[in-house]
2 protein chains.
Amino acid sequence: MCELLGMSANVPTDIRFSFAALARRGGETGPHADGWGIGFYDGRTSRAFHEPEPSARSELAKFLRNNPIKSRIVIAHVRKANRGRVSLENTHPFSRELWGRRWTFAHNGQLKGVKRLPLAGFAPVGSTDSEHAFCWMMGRLQARFQALPKPSALDRAVADLSAELHALGVFNMLLSDSRTLYAHCGKRLCYLTRCAPFGTATLIDEDWRVDFSQETTEQDVVTVIATQALTRDECWTDLARGDVLTLRDGAIRLLKPGAAAAATRLISPAAC
Amino acid sequence: MCELLGMSANVPTDIRFSFAALARRGGETGPHADGWGIGFYDGRTSRAFHEPEPSARSELAKFLRNNPIKSRIVIAHVRKANRGRVSLENTHPFSRELWGRRWTFAHNGQLKGVKRLPLAGFAPVGSTDSEHAFCWMMGRLQARFQALPKPSALDRAVADLSAELHALGVFNMLLSDSRTLYAHCGKRLCYLTRCAPFGTATLIDEDWRVDFSQETTEQDVVTVIATQALTRDECWTDLARGDVLTLRDGAIRLLKPGAAAAATRLISPAAC
């Protein structure tokens with residue numbers, strides 16, 4: 001297994017607090033020591049950092065902790081290899097260009113027989129099931145739309161493709177086209193939204209406490225999604241198997257499996 | 001204008017010495033202060049670092065100076081913007097996946113009317129002429145070969161496409177498919193090969209001197225290619241306009257414009 005971390009916000013936001021917890025799970029408070037990566041969107045592209053080594057002992061991860069990169073969409077991953085050797089080629093998140101935008105994908109879980117899915121236009125560089133699944137999704141999207149579709153049409157297409165992969169095994173996934181952060185829950189994902197009035201939070205994996213009211217403005221909305229809760233004093237909401245979330249500017253929309261597009265539902269931040 | 005730096009070696013090699021000179025030209029000893037990037041190959045993929053800010057004052061460039069990443073193929077670029085605003089999207093080197101390998105491209109010069117060249121399969125994320133040229137090359141290669149061709153066939157195809165772009169203006173370029181480093185001289189590029197017996201070298205842009213005999217083994221072969229010489233006490237060879245070099249494991253082959261593939265010539269390291 002691996003762990004995922006994603007963020008969607010309506011203003012460029014510093015993810016160091018959440019990433020600090022994930023990074024420690026890469027070989028210290030968690031067993032995911034076979035590589036790590038993080039991609040920060042900036043316009044239609046992203047800057048990404050990858051290493052096929054444990055994040056908990058990484059000088060580069062430490063650098064990112066000391067030098068914030070603010071972004072509105074972030075996808076990060078720490079890896080515990082099951083399929084595919086430990087190498088840079090097999091280190092998530094993976095990325096491809098489609099319709100003049102950089103797409104980013106990270107996955108945890110196993111997908112039985114995924115490599116039998118035919119590819120077109122995109123090919124894996126490494127040997128993971130995950131990258132094969134990503135390339136298959138990209139090829140199917142390219143075949144379905146001539147150019148970048150409206151977000152609502154893309155939402156439905158991503159949900160449909162995710163459902164096909166979900167049928168093959170465990171498909172916990174984060175994906176972005178630079179506009180939207182998509183999340184599919186195969187088995188385990190949870191999220192929370194931080195917005196005014198802001199409170200404080202303390203990490204589970206280390207003794208770091210932040211008072212968000214000191215770091216934000218009243219208009220800020222930030223949603224964080226992760227395999228497991230990252231803080232011990234906030235209310236994380238679990239997703240159900242098969243759920244797809246779309247996150248834009250921190251706002252969450254839930255697509256239930258099999259439901260029509262009209263059945264999507266905007267989620268208000270939990271008060272608990 | 002911008003400046004380019006490339007390296008091809010037969011063993012994973014530390015490029016910090018050469019990159020230190022290039023990085024200073026990004027806003028200190030040179031005017032190329034509009035962004036910088038560097039990609040280090042590892043197998044079929046590369047890890048790349050980009051910033052739309054001056055490399056001479058970059059904490060990330062300083063980090064890379066203190067934390068070596070050894071690689072057999074490296075492509076780096078410092079930018080002085082002419083076409084396309086200063087942004088991450090417009091920061092070289094650009095990369096795309098084709099035939100299951102990550103390709104990397106960096107360019108300096110201007111190409112008149114390049115955006116009229118039709119694209120297929122690959123689209124620019126940013127607004128530079130350079131990325132359009134790269135996407136056009138990738139689309140043409142994809143159309144010409146079903147799968148990754150032998151290096152000799154790819155060499156000729158890259159030379160042909162480079163000649164077409166050369167006709168539009170100034171096309172100084174570095175390109176790699178993870179096996180070969182290609183260089184095209186539009187106006188200005190020079191190179192040198194370091195191999196046994198190794199000597200010493202001193203940077204032009206700062207007071208850093210290296211004794212390569214202390215850093216290498218007798219079998220090491222390292223070729224460095226750059227817009228302008230980086231050291232003051234080594235023999236750099238200028239390329240002629242229209243020349244294409246292919247570099248594999250540090251060994252250089254020269255493809256003269258218009259010549260048949262059989263006319264390529266293996267170059268011995270200069271003794272001067």
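Copies are superposed by least squares on the C-alpha atoms of residues with pLDDT of at least 70 in both. With that in hand, let's look at how the two chains of this predicted model sit together. A rotation of 180° with 0.0 Å of shift along its axis puts chain B onto chain A, at an RMSD of 0.0 Å. That is the relation of a two-fold axis. The same surface serves both copies, too: 100% of chain B's contact residues turn up again in chain A.

**Where the chains meet**

Each side brings its share to the contact: 30 residues from chain B and 30 residues from chain A. Together they bury about 2200 Å², and carbon and sulfur atoms give 58% of that area. On the chain B side, Leu88(B), Glu97(B) and Val125(B) lose the most area to chain A, together 25% of what that side buries.

Glu97(B) has another role here, as it forms a salt bridge with Arg96(A). The interface holds two salt bridges, along with eight residue pairs in polar contact, both partners being at pLDDT 80 or more. The elements that give two or more residues to chain B's side are strands E3 (45–51), E5 (94–98) and E6 (101–108), plus helix H2 (59–66). E3(B) gives the most, with seven residues. Sorted by class, that side has eleven nonpolar, nine polar and ten charged residues.

**A covered helix**

Now for helix H1 of chain B, residues 16–25. It is mostly covered, with eight of its ten residues buried; among them are Phe17(B), Phe19(B) and Leu22(B). Just after H1(B), Gly27(B) takes a positive phi of about 115°.

**Some salt bridges**

Over all chains, the count of salt bridges comes to 40. Here are a few:

| Pair | Closest N to O distance |
|---|---|
| Glu97(B) and Arg96(A) | 2.9 Å |
| Glu164(A) and Arg140(A) | 3.2 Å |
| Lys62(A) and Glu59(A) | 3.3 Å |
| Arg24(B) and Glu206(B) | 3.7 Å |

Lys62(A) and Glu59(A) share helix H2 of chain A, three residues apart, about one turn of the helix. Glu164(A) sits in helix H4 (residues 151–166) of chain A and Arg140(A) in helix H3 (residues 129–144), so their bridge ties together parts 24 residues apart in sequence.

Arg24(B) and Glu206(B) link distant parts of the chain, 182 residues apart: Arg24(B) is in helix H1 of chain B, and Glu206(B) is in the loop between strands E10 (200–202) and E11 (209–211). Is each of these two buried or partly exposed? Arg24(B) is partly exposed at 25% relative accessibility, whereas Glu206(B), at 13%, counts as buried.

Note on methods:
Residues numbered from 1 in each chain as written. Chains lettered and ligands numbered in written order. Predicted model: local features only at pLDDT ≥ 70, side-chain atom pairs only at ≥ 80, totals over all residues. Heavy atoms only, no water. Contact = heavy atoms within 4.5 Å. Buried area = accessible area lost by both parts, 1.4 Å probe. Salt bridge = Lys/Arg side-chain N within 4 Å of Asp/Glu carboxyl O. Polar contact = N/O pair within 3.5 Å; in protein donor to acceptor, adjacent residues only side chain to side chain. Helix = DSSP H or I, 4+ residues; strand = E, 2+ residues; numbered from the N terminus. Nonpolar A, V, L, I, M, F, W, Y, C, P; charged D, E, K, R; others polar. Buried < 20%, exposed > 50% of the residue type's maximum accessible area, 1.4 Å probe, protein only.
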